[in-house]
Amino acid sequence: MIEKWVHWIVQVLLQENIIVEQEKEVYVYCFQTMLFQSIVYGTIIILAISSGTLLKTVAYYLGFLPIRYTAGGMHTSSHKSCFVLSIAVYLISMVILVLIPEAYKQFFGAGCTICAILMVFWAAPVDHKNHVFSPESKVRYKRQSRLLVSGMAMVFIIMAMYEIEFSTAIAFGLFCAGCSLVIGKFERRYEQC
């Protein structure tokens with residue numbers, strides 16, 4: 001369905017001479033990505049508002065998204081499976097964050113942060129078969145992701161002194177991004193064999 005909408009939008013742009021035929025594939029890719037991300041995060045926002053976890057969700061994605069977008073990670077084979085996996089991971093994460101007893105949140109958050117640092121330093125960056133990194137960009141993304149996870153660890157430490165609920169959500173977001181990274185690294189090794 002996303003593909004139909006995107007192709008319709010791109011055809012209108014071509015007919016109106018806003019873009020040229022040589023740019024078509026770039027626009028198709030960009031519109032597919034934007035539309036898909038809007039659907040995924042729109043669904044997550046609706047779920048967060050309806051479950052009363054909007055602030056926790058924002059904190060979780062403050063930990064998850066920066067690492068995911070600089071370090072890479074796991075990819076599924078279709079938009080549909082990506083949507084299902086994204087929503088499932090989000091829902092499971094929220095359930096875990098709600099069920100952790102208050103007395104253990106600081107330890108849980110610290111453990112998640114330490115694991116995330118180790119995973120990012122070991123696995124980052126992970127490219128994708130449709131976007132293979134050059135040696136220079138690989139070095140740049142490795143440096144960026146290591147600096148970012150270190151900075152996010154500092155954010156966790158500072159926030160944990162004042163607001164353990166949201167610092168734990170940030171730490172768990174970091175952890176989930178790290179897990180995606182490790183799975184993606186093994187996935188890429190398998191693809192390249």
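Author: Contact means that heavy atoms lie within 4.5 Å. By that rule, and leaving out residues up to four places away in sequence, Thr53 touches Ala48, Tyr90 and Met94. This is a predicted model, where local features need pLDDT of at least 70 and side-chain atom pairs count only at pLDDT 80 or more, while totals for chains, interfaces and linings use all residues. Residues are numbered from 1 along each chain as its sequence is written, and side-chain values use heavy atoms, with hydrogens and water left out.

Reader: Happy to start with Thr53. What makes Thr53 buried?

Author: Its relative accessible area is 10%, and buried means under 20% (partly exposed runs from there up to 50%, exposed is over 50%, with a 1.4 Å probe and protein chains only). The value falls under the cut-off, so Thr53 is called buried. As for its place, Thr53 sits in the loop between helix 2 and helix 3.

Reader: How do you know that the chain has seven helices and which elements it lacks?

Author: Helices are DSSP runs of H or I with at least four residues, strands are runs of E with at least two, and both are numbered from the N terminus. The chain gives seven helices and zero strands, so its order of elements reads α-α-α-α-α-α-α from the N terminus on. The C-alpha trace spans about 60 × 45 × 30 Å along its principal axes.

Reader: How many of the residues are buried, and what share of the contacts joins residues 24 or more positions apart?

Author: Of the 193 residues in the chain, 38% are buried. Among contacts with a separation of 6 or more, 77% join residues 24 or more positions apart.

Reader: What makes a set of residues the largest nonpolar core here?

Author: A nonpolar core is a set of buried Ala, Val, Leu, Ile, Met, Phe, Trp, Tyr and Cys residues joined through side-chain atoms within 4.5 Å. The largest such set has 36 residues, and Tyr60, Ile67, Leu97 and Leu181 have the most contacts inside it. At least two residues of this core come from each of helix 2 (24-51), helix 3 (54-71), helix 4 (79-99), helix 5 (105-123), helix 6 (135-160) and helix 7 (164-192). Helix 7 gives the most, with 10 residues.

Reader: Which residues does Ile67 touch?

Author: Not counting residues up to four places away in sequence, Ile67 touches Gly72, Val120, Ser145, Leu148, Val149, Leu174 and Ala177. There is also a second, separate core of six residues, including Val6, Val10, Ile19 and Val28.

Reader: Now the cysteines. Why is the pair Cys176 and Cys179 not bonded?

Author: A disulfide is a covalent bond between the sulfur atoms of two cysteines. The working test is a pair of cysteine sulfur atoms within 2.5 Å. For the sulfur of Cys176 the closest cysteine sulfur is that of Cys179, 6.0 Å away, so the pair fails the test. The structure holds zero disulfides.

Reader: Why is Cys176 called buried, and what is Cys179 called?

Author: Cys176 has a relative accessible area of 12%, so it counts as buried. Cys179 has 25% relative accessibility, which puts it in the partly exposed class.

Reader: What makes Cys82 partly exposed, and which residues does Cys82 touch?

Author: Cys82 is partly exposed because its relative accessibility is 23%. This residue of helix 4 touches Phe36 and Thr76, again not counting residues up to four places away in sequence. Cys82 and Phe172 are 90 residues apart in sequence, and 20 Å separates them in space, C-alpha to C-alpha.

Reader: Why is Cys30 called partly exposed, and what about Gly42?

Author: Cys30 reaches 36% relative accessible area, so partly exposed is its class. Gly42, at 26%, counts as partly exposed too. Helix 2 holds Cys30 and also Gly42. From Cys30 to Val6 there are 24 residues in sequence and 9.2 Å in space, C-alpha to C-alpha.

Reader: One last point. What is the peptide bond from Ala124 to Pro125?

Author: That bond is cis, with omega near -5°. Pro125 belongs to the loop between helix 5 and helix 6.
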